[in-house]
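User: I'd love a close look at one part of this model, with the reasoning spelled out for a beginner.
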Amino acid sequence: MIQKIIIVAIVLFFSLATYASAVPRPTADKPAATAAVKLPEGQVILDGKPLLIIRGRILSFDPADRARAISDRLAKLVKDPLLRVDSITAVDGDSTTDIVSGDLVLMTVTDADAATEGQPRKALADFYVRIFRTAVDGYHREYSFNAVLLGSAYAFLATVGLIVLLVAFNRFFPKLNAKIEFWRGTRIRSIHIQSLEIIHADRIAALLIGIVRGIRMFLILMIFYFYIPLLLSFFPWTRGFSADLLHFIISPFAIIAQAIWAYVPNIFFIAVIILVTHYFLKVIRFFFAEIGKETISLPGFFPEWSDPTFKIIRFLVIAFAAVMAYPYFPGSESPAFKGISIFLGVLLSLGSTSAVANTVAGVILTYMRAFKIGDRVQMGDTIGDVVEKTLLITR
């Protein structure tokens, strides 16, 4: 009795200690920490390439508006074929520094910009001037006649290489298919287990030819996959489309790979459910088979009930396993998946009314033991022997 009292006291002590540690304790008021405010940003872009980031405002123009205006001025400036990069200079004023090219003001650098970047205003303006000069010079070199001519030469060589590969494929793969046809019945033989033929040689040859065709199609698609972006990258007008095209092609595969990788734990969980259900059904099948053979006897359970009872339990087990595995299927939480599930459920409910009624009637007839296989019965004017009895039909 004393030991029980001591144990109860210890349990109460630890329960009170846990509760006391969980209760929030009053703390002295502390000034709230000032959250770091992230400054808005705008990116200056020329020909799809980012040049610099604008973080400061000027009057009502936020950084995004300033960056957009600077990008538009640069785009107009580089269209001038007579433009010289050294014409882009910084003109220092009392409170601002203007970056100009002739009469065009590309950008105004303020003291707020210098404070944001942590540099003197003049040094920051000179840094921006170097960026603009490098960008304009690179733009002119990319769109120069020599660059376009060189890109055309590269495109011609790439096209010649593509044609050579396609011609080689058109010669190699038909010869390989003819070789497989020639090997049919000689090197490619039927698969036998003793006198039983499992797979005929014609099916093996057809399978190999199908694999060769699939490899050929895959290689052709891969060649065009690399050829088209490569061809577009040789010219400055289509270079941006080249990167976008690669992104459009790679992005679906990357998303699919990420989705598969994210669902790997769910796949293992589904596999475990399937494995456990499979072996559990095997045990149940063996148990009811032994009851049907009268090796195992249960009081009040007749041997002819073993098969229908097993089918009912199997259906319930599979339904339970499906319910357990349903949340782990990809897209099970999406509205489309749920809508399709409801639609199929309604179809099955409306279309299986008679089947459910027949199943219930078969279950009632089975467990009432109205008759069994081998009995002679009369239904109306028809007399016959019961040769088959299932949940859905009795013959």
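How many residues apart are lysine 311 and aspartate 307 in helix α9?

Analyst: Happy to help! This is a predicted model, in which local features need pLDDT of at least 70, side-chain atom pairs count only at pLDDT 80 or more, and totals for chains, interfaces and linings use all residues. Residues are numbered from 1 along each chain as its sequence is written, and side-chain values use heavy atoms, with hydrogens and water left out.

Lysine 311 and aspartate 307 are 4 residues apart in helix α9 (residues 306–325), so about one helical turn separates them. (Helices are DSSP runs of H or I with at least four residues, strands are E runs of at least two, and both are numbered from the N terminus.) The two side chains meet in a salt bridge, at 3.3 Å from N to O. That term stands for a side-chain nitrogen of Lys or Arg within 4 Å of a carboxyl oxygen of Asp or Glu. Side chains of opposite charge can pair when their charged atoms come close.

How open are these two to the outside? Lysine 311 has a relative accessible area of 28%, so lysine 311 is partly exposed. Aspartate 307, at 40%, is partly exposed too. Here buried means under 20% relative accessible area, exposed means over 50%, and partly exposed lies in between (1.4 Å probe, protein chains only).

Elsewhere, Asp92, Asp111 and Arg121 are joined into one network by salt bridges that share partners. The structure holds 13 salt bridges.

Helix α4 (residues 121–142) lets you see the spacing again. Aspartate 126 and lysine 122 both lie in it, 4 residues apart, about one turn of the helix. Their side chains form a salt bridge of 3.6 Å, N to O. Aspartate 126 is partly exposed at 27%, and lysine 122 is partly exposed at 35%. Further along, arginine 141 and aspartate 137 are also in helix α4 and 4 residues apart, so about one helical turn lies between them. Their salt bridge is 3.1 Å, N to O. Arginine 141 is exposed, with a relative accessible area of 52%, while aspartate 137 is partly exposed at 33%.

Now for a different kind of contact, between rings. A pair of aromatic rings is described by the distance of the centres and the angle of the planes. Rings of Phe, Tyr and Trp (its six-membered ring) pair if their centres lie within 6.5 Å; planes under 30 degrees apart are stacked, over 60 edge-to-face, and the rest tilted. The structure holds 10 aromatic pairs. In one of them, phenylalanine 127 and tyrosine 128 have ring centres 6.1 Å apart and planes at 45°, so this pair is tilted. Phenylalanine 127 is partly exposed at 36%, whereas tyrosine 128 is buried at 4%.

Tyrosine 154 and phenylalanine 234 give a further example: their ring centres are 5.6 Å apart and their planes are at 45°, so this pair is tilted as well. The pair links distant parts of the chain, since tyrosine 154 sits in helix α5 (residues 145–183) and phenylalanine 234 in the loop between α6 (201–233) and α7 (239–262), 80 residues apart. Tyrosine 154 is partly exposed at 42%, but phenylalanine 234 is buried at 16%. Finally, ring pairs link Tyr139, Tyr143 and Trp237 into a cluster.
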